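Welcome! Please take a moment to look over the sequence and the 3D view before reading on.

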Amino acid sequence: MKPQASATQRIPTPAEELAWEWPLDLTAYDFSPTLSGEESTALITLRPVLHLWRTGSQPEWLAVGRLLRPLADARDALDLRSPRQLRIADRAVSELLADTLTRGMLPWGWSPATWVEELGRDQRAFFTAHPRWGRGDLRQHMAAIAWLLGCFDDLSSLGRFERVTFANKVFGRPRVAAAIAMIEEVLKGWGYADHGPGRGIRRVLCELLVVNRSPRLGDLTGDVVDAVRRSSSSAGTSATLHHVHRGLAWLGITEAPVPSLFPKPTLAGGDPLWAAWVLRWEATSTLTPYTRRQMRGILLKVGRWLAAEHPEIREPPQWTRELCAAYVAAVDRMRIGDYVACRGALRARVGQPLLPRSKDGYLSALRQFFRDCTEWDWMARRFDPVRALATPRSVKALIGPQPRVIADDRWAKLLWAGLNLEPADLSTGTQYPFELVRALALAWLFGGLRGNEIVRLRLGCVRWQHASGEPGEDPVCLLDVPAHKTGTAFTKPVDAMLGRALVAWEAVRPAQPHLVDRRTGERVALLFCYRAKRVGTPYLNRRLIPGLCAKAGIPTSDARGTITSHRARSTIASHLYNAKDPMSLFELQTWLGHRSPATTQSYAAITPTTLARAYTDAGYFARNLRTIEVLIDREAATSGAAAAGAPWQFFDLGHGLCTYTFFEQCPHRMACARCDFYVPKASTRGQLLEAKGNLQRMLVEIPLTDDERAAVEDGDEALDRLIGRLADVPTPAGPTPRGLGLRPLPILPSSSQGLDK
């Protein structure tokens, strides 16, 4: 996909650049560096009038013709546009003539150090050495004359030197402008602005042209770019140079720059022989770059542990089962910061115990390392790494599914922040357009994707489909997810709002070059790409998510740790699994793109609210309790009659009342045997009791045994079995139901009570 040029301007090709040749024939000059006696005498005589070198008529000017002619020709080859610049160029020639006499050697014989002294390491140093000329472009003109004559070309040693102005002088403005236009059109098509970075791009490009000694972009090579990169000490210049290099590669002039995915490892602290084995393994392994980097760091820590505890062990073939056991024990007691090369990034975490997963990762990395070394025949097999370096059972027991779900109240605030994101909420200095940031935010909040999957979405990943085929129905938004760490590419339904946000960014996205997908190796059009660079997951974790937290008014961390790109995936999966109409485990597995449902279980945690609701619906306690109405005779309780033994509480059995105080302990409570504590409601005593106006009614829960609960739930048959078991059980009054000769009556529900709570 080519960058978009304007309708009135077309990006020229390198073959269409203006022709250019070196303006001076350097072979026509006598570049002997020694100043002859005649030339020296003539310069001494001309010292007061050296500034009149163009119009002077003294015979001494002929004596210094060998010196003056190259300087004058170089001065005339400069692209000078104003009388002021012409006067300054004349001064530059006269100053070089004067300094030739001072140094006793012609300018083309000066060493690079002498030229740096002549031109100064910065503007202030130059005017300190040449005070009589005041301020102006004298330094530029002297450097340009020296450069054209091949005397000096190390512009990087001159400090803040105007490369664009210098290139205009030595190459001519039209040629420099044409070269700049070619690169700027490419980079502006990718999203770079004219201001700020634009000036840096022009400066770096002109430096490349000067170092290459040609204004034609087609003459540039990757070696020239690398040489300028090595000589640069500024991080900003290196970054701008990388932009220009990618533009040159897009035009087909140079090879594309090779990005450094990960920083170089720090090998300090361990044995170099062990480090050599680790680096050899890293270069041979086919694991993903990120996994190789993680394992490399762990293996280098192993080397530092060996150097500290077992310096006699220098390479893998020397390991034994005994040493493996010692390392397993060391990992079990290891703390954060042990055997690392630099503790700066760990900060307050130094000294804390390793988490169980970290311990397992340390041992797993070493197991993989030894397994690969033996399978590749790099060493003889002396032990089984799987058994000798197995993770202890006590550590494995602490490892389990721990979905780091964001609390519902904080998640709701984050959703509000994402839905109400505005351009004013973007941090100052952000390089991305608002549409891109909003699409990223909604993809994180509603996509249920890994951070790596979000930034690797491809152009055209959104599709709309009618579920039933009817035109009037709202279409379903389908999102094409690229290949990921556990499987191939797949398609999932997402909220239409997310689809509209992605389409909105795609509509304003500048045309970008295809980039290599680091997982699949394909050259693809990445959706989240700007200025010909992919948006990385660090932007999600370090800029976007903290910005959303700030807008939502919540901290960037909670009890489960820092809010990162992956925690949204766990939260969304948990919500889908605990919804009113939840997804099944297998549906959720497909939606998340997991290869195994066991992995999905680590994400889909049942929330305590859902668990409490299910527990309540199961009715465990309700099935084991019965509510019965109790009548309290307040007159008997207050008059003291209850203390004398008179009944004061009456348990309502439906067909009668029981006056037994410890009713909940009576074995016949579900099938009353009508002992002496029984008062029929139809009796005179029962009617008088219910007629009292000082009765207080209350409900009491009575626990049921298994037989009693079966009698309630199963009906008459179970009740008959219960009565049969109680036939010879004494009542609270003493006699058994068989002795009373009466059929027990079941407790019947009254109008205010039920069998179950």
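The report below goes from the whole chain to some of its helices, strands, cores and single residues.

## The chain as a whole

What you see is a predicted model. The chain has 757 residues, and 43% of them are buried. DSSP runs along it give 32 helices and 16 strands.

Many of the contacts join parts that are far from each other in sequence: of the contacts with a separation of 6 or more, 65% are between residues 24 or more positions apart. As for the outside, the chain exposes about 38,500 Å², and 53% of that comes from carbon and sulfur atoms.

## Two nonpolar cores

In soluble globular proteins, nonpolar side chains tend to be buried together. Here, the largest nonpolar core holds 79 residues. Leu 97, Ile 145, Phe 166, Phe 171, Leu 208, Leu 217 and Leu 248 have the most contacts inside this core. Follow Leu 97 as an example: beyond its neighbours within four places in sequence, Leu 97 is in contact with Leu 43, Leu 50, Trp 53, Trp 61, Leu 67, Leu 68 and Leu 71.

A second core, separate from that one, has 51 residues, and Val 437, Trp 444, Ala 552 and Ile 572 are among them.

## Helix H14

Helix H14 covers residues 289-309. Its 21 residues, at 1.5 Å a residue, should span 30 Å, and the end C-alpha atoms are indeed 30 Å apart, so the expected and computed spans agree.

Which residues of H14 are buried? The list is Arg 292, Met 295, Arg 296, Ile 298, Leu 299, Leu 300, Val 302, Gly 303, Arg 304, Trp 305 and Leu 306. The buried residues of H14 pack against three helices: H13 (272-284), H15 (321-332) and H16 (356-375).

## Helix H19 and its two sides

Helix H19 takes in residues 408-419. For its 12 residues the expected span is 16 Å, at 1.5 Å a residue, and this agrees with the 16 Å between its end C-alpha atoms. Trp 411, Leu 414, Ala 417 and Gly 418 are buried in H19. Looking down the axis of H19, you would find its buried residues within an arc of 120 degrees, so they line one face of the helix. An α-helix has 3.6 residues a turn, so residues three or four places apart point the same way.

What does the buried part of H19 pack against? Its partners are helix H20 (434-446), helix H23 (537-552) and helix H24 (565-577). On the other side of H19, Asp 408 and Asp 409 are exposed.

## Three strands side by side

Strand E1 (residues 462-465) and strand E2 (residues 476-481) run antiparallel and are joined by 4 bridges. One of the residues to look for is Val 462, whose bridge partner in E2 is Leu 479.

E2 also pairs with strand E3 (residues 490-494), again in the antiparallel sense, over 5 bridges. There, Asp 480 has Thr 491 in E3 as its bridge partner.

## Two buried threonines

Thr 240 lies in helix H12 (residues 235-250). With a relative accessible area of 12%, under the 20% cut-off, Thr 240 counts as buried. Setting aside residues up to four places away in sequence, Thr 240 touches Gly 200, Ile 201 and Val 204.

Thr 659 sits in the loop between strand E12 (656-658) and strand E13 (671-672). Thr 659 is buried, with a relative accessible area of 12%. Residues up to four places away in sequence not counted, Thr 659 touches Pro 647, Gln 649, Phe 650, Phe 677, Val 679 and Arg 685.

Notes
Residues numbered from 1 in each chain as written. Predicted model: local features only at pLDDT ≥ 70, side-chain atom pairs only at ≥ 80, totals over all residues. Heavy atoms only, no water. Pairing = 2+ DSSP bridges. Buried < 20%, exposed > 50% of the residue type's maximum accessible area, 1.4 Å probe, protein only. Contact = heavy atoms within 4.5 Å. Areas by Shrake-Rupley, 256 points an atom, 1.4 Å probe, with all protein chains shown as cover. Expected span 1.5 Å × (residues − 1). Arc of directions from axis to C-beta. Core = buried A, V, L, I, M, F, W, Y, C linked by side-chain atoms within 4.5 Å.
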